[in-house]
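Work through the two exercises below with the sequence and the model in view. Each task is followed by a solution in steps.

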Amino acid sequence: QLSLFRVTAKRLFSTSHSSVDSKEMKKFQPLAHKWWDEEGEYSALHSMNDIRVPFIRDTLLSMSSNYHLGSPLSGLKILDVGCGGGLLSEPLGRLGASVTGIDPLEDNIRTADQHKSFDPVLAKRIQYKSSSLEEIVEESMETFDVIVASEVVEHVADLEMFIKCCSQVLKPEGSLFITTINKTQLSYVLGIVVAEKIMGIVPEGTHEWEKFVPPEELERLLESNGFSVKTVNGMLYNPLSGSWSWVESTSVNYAMHAVKSAARGQSSLTEALSEMEKEPSSAMAGTAV
C-alpha cells in the first residue's frame, strides 16, 4: 500500500504540477549574488531576522520540554522553503537545528552554499538543494519537525498545492511558519508604490499585488488541509530605521504559525491523495505562465 501511495504522490506532485512560477524565477535570477549584502536589495530581509528568528525559536521552545542551553533548537529538522541565499537557514542552524534549505534557483543555492562554507559548524548543520517543494515530497514524507516559508507564498503559482506539499513532508504535530503580505489597499500603497517605486527598498517588479494573500484565506486553506492555525501576528517595516516590529494590525505584513494535526493513519493520507486526483484542474490552477 505504501509503494502505491508513493507512486500516487509522485504523480500528483510531479513537476507538471509545479508550484514554481517561472516568471518569479526570472525576477530573482539577477539578484542571486546579492543575498548577503546587508545594505543591498535584501536589506529588509536581513533586518526581518530580528523578529522572525525569535518568533520561530520562542514558539518552538514553548511547545517543547527539551531545552538545550546554547542550542535551543537542537534535535529539530527544519525545512526552509524558498531559502534564497540562506538568510534564515543560517540563524536557525546557529540555534542548533538541522536545516535543509531548498530553492528552485540554482544560483541562489550556489550563493547559500558558498556563504555557509565560511562557518564549519553551519557547514555540518545545513544542507542546500536546488529544488521545488513538490520535487522533494516523495523522498521526504513526514520528515521534518518544522517548515519555514518566509516571504514565499506570495510568489508561488498554486498556493493550495504548496500547502498540501507542506503537509506531506511535515511530521504529525509539526509546525509551519509563514510570513507574507496581506492583500489590502494599504499593502498596495506601502508594499508596491512606496517600497518599490518611491523608496527602492526592494527592486521594482518584485511583488504582484494580485498574488498577495489575505490571512483569512491562508487560514482557510491551512485549516482545510489538516492544519490548526495557532498564531497570526502583524508585522511592520519602518523604512527610515530599517527595522521591523510586531503590531496588532495584519493589514500589511503578517506572520502565521500553524500545526499539522496528529496522525490519523495511512488511510487518511491515501484518501487525501485520491481526493486530489479527482480534482486535477485545481492542482493545475495558476501554473500557466
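**Exercise 1: the sheet**

Strand β6 (residues 227-238) pairs with β7 in the antiparallel sense, over five bridges. The model is predicted: local features need pLDDT of at least 70, side-chain atom pairs count only at pLDDT 80 or more, and totals for chains, interfaces and linings use all residues. Residues are numbered from 1 along each chain as its sequence is written, and side-chain values use heavy atoms, without hydrogens and water.

Task: find the residue opposite G234, the strand order and the edge strands.

Step 1. Strands are DSSP runs (E, at least two residues; helices are H or I, at least four), numbered from the N terminus. Two strands pair if DSSP finds at least two bridges between them.

Step 2. Opposite G234 stands V247 in β7.

Step 3. The open sheet has eight strands with mixed pairing, in the order β3-β2-β1-β4-β5-β8-β6-β7. Its edge strands, each pairing on one side only, are β3 (126-130) and β7 (243-247).

**Exercise 2: the cysteines**

Task: count the disulfides and explain why C166 has no such bond to C165.

Step 1. A disulfide is a pair of cysteine sulfur atoms within 2.5 Å.

Step 2. The closest cysteine sulfur to that of C166 is in C165, 7.3 Å away, so it is too far for a bond.

Step 3. By this rule the count is zero disulfides.

Step 4. C166 is buried (under 20% relative accessible area; exposed is over 50%, partly exposed in between; 1.4 Å probe, protein chains only), at 0%. C83 is also buried, with a relative accessible area of 5%.
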